[in-house]
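Please open the model in a viewer and keep the selection panel at hand. The tour below moves from one selection to the next and states what is found at each stop.

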Amino acid sequence: MMNDHLQPNEIAEFYALADERRDAALDHLGECAACRAAWLAADGSRVFSLLARSPIPEDRLEQLSRRLDTALDELQPRGAARGLFRVASIAASLLLAAVLGAVLWNHEGPAERVARMEQIDVLPPLDEEIAGMQVVETPSEDSQTLSLKVGETQILMIFDESIEL
Amino acid sequence: MRDEPQLIRDASAGERAAFDELVRLKRERVVRTAFQVTGDLDDAMDVAQSVFMKLWQGLDRYDPRRRFDTWLYRVTVNAAIDFIRGRGPKGTIQPLPDEPADTIADDDPGVEARLDLATLQQAFSRLAGELAPKQRAAFVLREIEGLDTAEVARVMGVAESTVRNHLFQARKTLRAGLERDYPDLVPLGATKKPKE
């Protein structure tokens, strides 16, 4: 397609050439030492662009197609794989529903929960519950200051419902 | 004869014949890209096979508003980079062989001025071993596959400035290697002029 030598503007704007023009230019550059020298004057590493014109042996490409055919034959058909996935999803959903149903069936309702909470009169004082934890002060029903000491570190915790963050 | 968009649609729907035709259409590009990134034709064949397997399994998720070749290059380059990372430093500097490489065919080297593509391939396979995988991939896509910088950035999923940086580093390394080991491949002085 391009037997003539490359024009200076084609060499200068080589990267802007359309695909077909570029292919033809590369064919010519592979065979014309003069044009190649002018083209490579801009950058010697451009020479590797010519590898685009180096064909992959046809027998290797055919070998790839054969290998691919075998591999795809062994692979489950795409539709079948998806069908299997759908069945597995439905089965998992049913199993989950059954487990949740059983849990909820055996779980106490709101009335039972209130009744159980009423049985709890007073929680034991915190200083008896957690080692190292001391009540510093309880100025009102809504606030309390606790102290937690771990080794040399002391942490003061202030609980006050009137504090807005 | 179906055109490419039709082949893609039919293959997406699970038609094997359409997919086989699509493979025929794209296989050389995929193998060539994988070969230039991995530096080994056998490795490239493995990469190409995994690329087409992924293609078959994921083609129905392809967004037709995007360029198919960009997507294909992306899968290929990622697979090739993963392959060379998993394979280890096989591509680092190897001694210069005495015989020309014969992995890639060279058509009738009868014309005196014709560049010997086998020697050129051998030079690239050896010198590109000095590049980081992403530099190598960027160079292959830009220089050998002829993509513009924006397209290379889309394929690699990076910014254009990153691609320019990869290309700058790759060219610098390759020019130095050409000058050092293959001075006959390029005219005197051509290896010393940076382009970007």
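**An enclosed helix in chain B**

The coordinates come from a predicted model. Begin by selecting helix α5 of chain B, residues 117-127. Of its 11 residues, nine are buried, so the helix is largely enclosed by the rest of the structure. To display the buried positions of α5(B), select L117(B), L120(B), Q121(B), Q122(B), A123(B), F124(B), S125(B), R126(B) and L127(B). Next add α8 of chain B, residues 160-181, which is included in what covers these buried residues.

**A crossing of two helices**

Keep α8(B) on display and add helix α7 of chain B, residues 149-156. The two pack at an angle of about 100°, and their axes lie 8 Å apart. Angles of 65 to 115 degrees count as roughly perpendicular, and α7(B) and α8(B) are therefore roughly perpendicular to each other. For the contact itself, select T149(B), A150(B), V152(B), A153(B) and M156(B) on α7(B), together with E160(B), V163(B) and R164(B) on α8(B). By class, the residues of this contact comprise five nonpolar, one polar and two charged.

**The nonpolar core**

Which residues of the largest nonpolar core touch the most other members? Among its 68 residues, they are L50(A), V31(B), A34(B), A48(B), L120(B), A138(B) and L141(B). L120(B) has already appeared among the buried residues of α5(B). Now centre the view on V31(B): leaving aside residues up to four places away in sequence, V31(B) touches I56(A), L61(A) and L64(A) of chain A, and A44(B), M45(B) and A48(B) of chain B.

**Where the chains meet**

Colour the model by chain and select the contacts between A and B: 35 residues of chain A are in contact with 42 residues of chain B. On the chain A side, α2 (19-31), α3 (33-40), α4 (58-74) and α5 (78-106) each supply at least two residues. The greatest contribution to that side comes from α4(A), with eight residues. Classified by type, the side of chain A that touches chain B has 19 nonpolar, seven polar and nine charged residues.

**One face of α3(A)**

For the last stop, select C35(A), R36(A), W39(A) and L40(A), the buried residues of α3(A). Look down the helix axis: these buried residues fall within an arc of 125°, so they line one face of α3(A). An α-helix has 3.6 residues a turn, so residues three or four places apart point the same way. Finally, show α1 (8-12) and α2 of chain A, against which the buried residues of α3(A) pack.

Note on methods. Residues are numbered from 1 along each chain as its sequence is written. Chains are lettered from A and ligands numbered from 1 in the order in which they are written. This is a predicted model: local features need pLDDT of at least 70, side-chain atom pairs count only at pLDDT 80 or more; totals for chains, interfaces and linings use all residues. Two residues are in contact if their C-beta atoms, placed from the backbone, lie within 7 Å. Helices (H or I, at least four residues) and strands (E, at least two) are DSSP runs, numbered from the N terminus. Ala, Val, Leu, Ile, Met, Phe, Trp, Tyr, Cys and Pro count as nonpolar, Asp, Glu, Lys and Arg as charged, and the others, Gly among them, as polar. A residue is buried if 20 or more other C-beta atoms lie within 10 Å of its own, exposed if 12 or fewer, and partly exposed in between; C-beta atoms are placed from the backbone. A nonpolar core is a set of buried Ala, Val, Leu, Ile, Met, Phe, Trp, Tyr and Cys residues joined through C-beta atoms within 7 Å. The arc is that of the directions from the helix axis to the C-beta atoms. Axes are lines fitted to C-alpha atoms, for helices over the stretch in contact, and angles run from 0 to 180 degrees between N-to-C directions. Angles under 35 degrees count as roughly parallel, over 145 as roughly antiparallel, 65 to 115 as roughly perpendicular and the rest as oblique.
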